[in-house]
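Work through the exercises below with the structure open. Try each task before reading its solution.

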Amino acid sequence: MIVVTGATGHLGRLVVDGLLDRNSQVVAAVRDPRKADDLAARGAQVREADYDRPETLATAFAGAEKVLLISSSTPGQRLAQHEAVVKAAQEAGVRHLVYTSVLAADTTKLFVAPDHKATEQLIRDAGIPFTFLRNGWYTENYAQTVQQALATGSFTGSAGDARLGAVPRADFADAAVAVLTGDGHAGKTYELAGDTPFGYAEFAAAISEAAGKPVTYQDVSPAQHRELLVAAGLPEPVADMLVDADRGIRDGELATTTGDLSALIGRPTTPPADAVAALVKN
């Protein structure tokens, strides 16, 4: 039995769908079971699993052979939530714990990295056979950027001409499915990003091509970038995270040459132009 936490999230739903397509016995572990009716209709067993209520985790993991821990999206609480999941998995006798971490978690300076690095250590210390899926950036992170570009004809950033290896969530979900249904992954750490890194100027060109209208990229300083984001109405913590992401791109932290992602999914990663076209259509 495979348990997927956060199963009603964007990534979780894709993973559950992929597992069901392979006729796997799947438990969709979710905070609110009422939001998982569609997964139940497809054949997933739905169990309540609230990271903040450890007693629900024990029930959710009962009988599980493998667990996919999809990282929490709650800053400030993430590590404690992950610790509760790891403890519950340990007590349930889970044989394989797969964790969605962040690219180069042990060396990157990205804003989100410390919690991921600490979670990886928690899992190692727990003694559960593990696989770390160190996911890079999702192209869906740029959905709002694409809409801004379509509305105004341009978007701004502070990444310079550096490149990132973003791909759609579906590619990362396929990698998780491959690990959860395959053999030989225990003890492995995979650095996951697209085969074809791209810069923001190329991103703008892809938006322009898909939309049939001119779009340009305007590079500004990190300080200017933050000011523009806050002026646009974004909360300061969100603005800080986006500016930090562009710093990570400049420092080469959001691209990799390992080829791990395409190797796991058995195909080339989604081309940037295709990923951008999907964002334009949405």
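**Exercise 1. The faces of a strand**

Task: Determine which residues cover each face of β6, and whether they are buried or exposed.

Solution. Note that the model is predicted.
- Take one side of β6: Phe-130, Phe-132 and Arg-134 are all buried.
- Take the other side: Thr-131, Leu-133 and Asn-135 are buried too.
- The split follows a general pattern, because side chains in a regular strand alternate between the two faces of the sheet.
- Count over residues 130-135: six of the six are buried, so β6 is largely enclosed by the rest of the structure.

**Exercise 2. The sheet around the strand**

Task: Find the strand order of the open sheet and the sense of its pairing.

Solution.
- Seven strands line up as β3-β2-β1-β4-β5-β6-β9. The pairing is parallel.
- Look at the edges: β3 (45-48) and β9 (188-192) each have a single partner strand, so one side of each lacks a neighbour in the sheet.
- Ignoring direction, neighbouring strands are turned by 20 degrees against each other on average.
- Check one pair: β5 (residues 96-102) and β6 run parallel over six bridges. Here Ser-101 stands opposite Arg-134 of β6.
- Check another: β1 (residues 2-5) and β2 (residues 26-30) are parallel over four bridges. Thr-5 stands opposite Ala-29 in β2.
- Add a helix: α5 (residues 113-126) lies across β5, β6 and β9. Its angle to β5 is about 165 degrees.

**Exercise 3. Two helix crossings**

Task: Classify the packing of α8 with α12 by its crossing angle, then do likewise for α1 with α7.

Solution, α8 with α12.
- The axes of α8 (residues 200-211) and α12 (residues 272-281) come within 9 Å and cross at roughly 55 degrees.
- Angles of 65 to 115 degrees count as roughly perpendicular, and those under 35 as roughly parallel. The two helices are therefore oblique to each other.
- The crossing is right-handed.
- From α8, the contact uses Phe-203, Ala-206, Ile-207, Ala-210 and Ala-211. From α12 come Ala-273, Val-276, Ala-277 and Val-280.
- By class, this gives nine nonpolar, no polar and no charged residues.

Solution, α1 with α7.
- α1 (residues 10-21) and α7 (residues 169-181) pack at about 50 degrees, with axes 9 Å apart.
- That angle makes α1 oblique to α7. α1 passes α7 in a right-handed crossing.
- The α1 side has His-10, Leu-11, Leu-14, Val-15, Gly-18 and Leu-19. Residues they meet in α7 include Arg-169, Phe-172, Val-177 and Thr-181.
- The class count for this contact is ten nonpolar, three polar and one charged.

**Exercise 4. Positive phi values**

Task: Where does Asn-23 lie, and is this residue buried or exposed?

Solution.
- Asn-23 sits in the loop between α1 and β2.
- Its relative accessible area is 72%, and the cut-off for exposed is over 50%. So Asn-23 is exposed.
- Now check the backbone. Most residues other than glycine have a negative phi. Asn-23 has a positive phi of about 60 degrees, although it is not a glycine.
- A second case is Ala-104, with phi near 55 degrees. Ala-104 is in the loop between β5 and α5.

**Exercise 5. A serine in a strand**

Task: Which residues does Ser-154 touch, leaving out those up to four places away in sequence?

Solution.
- Locate Ser-154 in β7 (residues 154-157).
- Its relative accessible area is 15%, so Ser-154 is buried.
- Its contacts are Gln-148, Ala-149, Val-215, Thr-216 and Gln-218.

Methods:
Residues numbered from 1 in each chain as written. Predicted model: local features only at pLDDT ≥ 70, side-chain atom pairs only at ≥ 80, totals over all residues. Heavy atoms only, no water. Axes fitted to C-alpha atoms, helices over the stretch in contact; angles between N-to-C directions. Parallel < 35°, antiparallel > 145°, perpendicular 65-115°, else oblique. Left-handed = near helix turned anticlockwise from the far one by under 90°. Contact = heavy atoms within 4.5 Å. Nonpolar A, V, L, I, M, F, W, Y, C, P; charged D, E, K, R; others polar. Buried < 20%, exposed > 50% of the residue type's maximum accessible area, 1.4 Å probe, protein only. Pairing = 2+ DSSP bridges.
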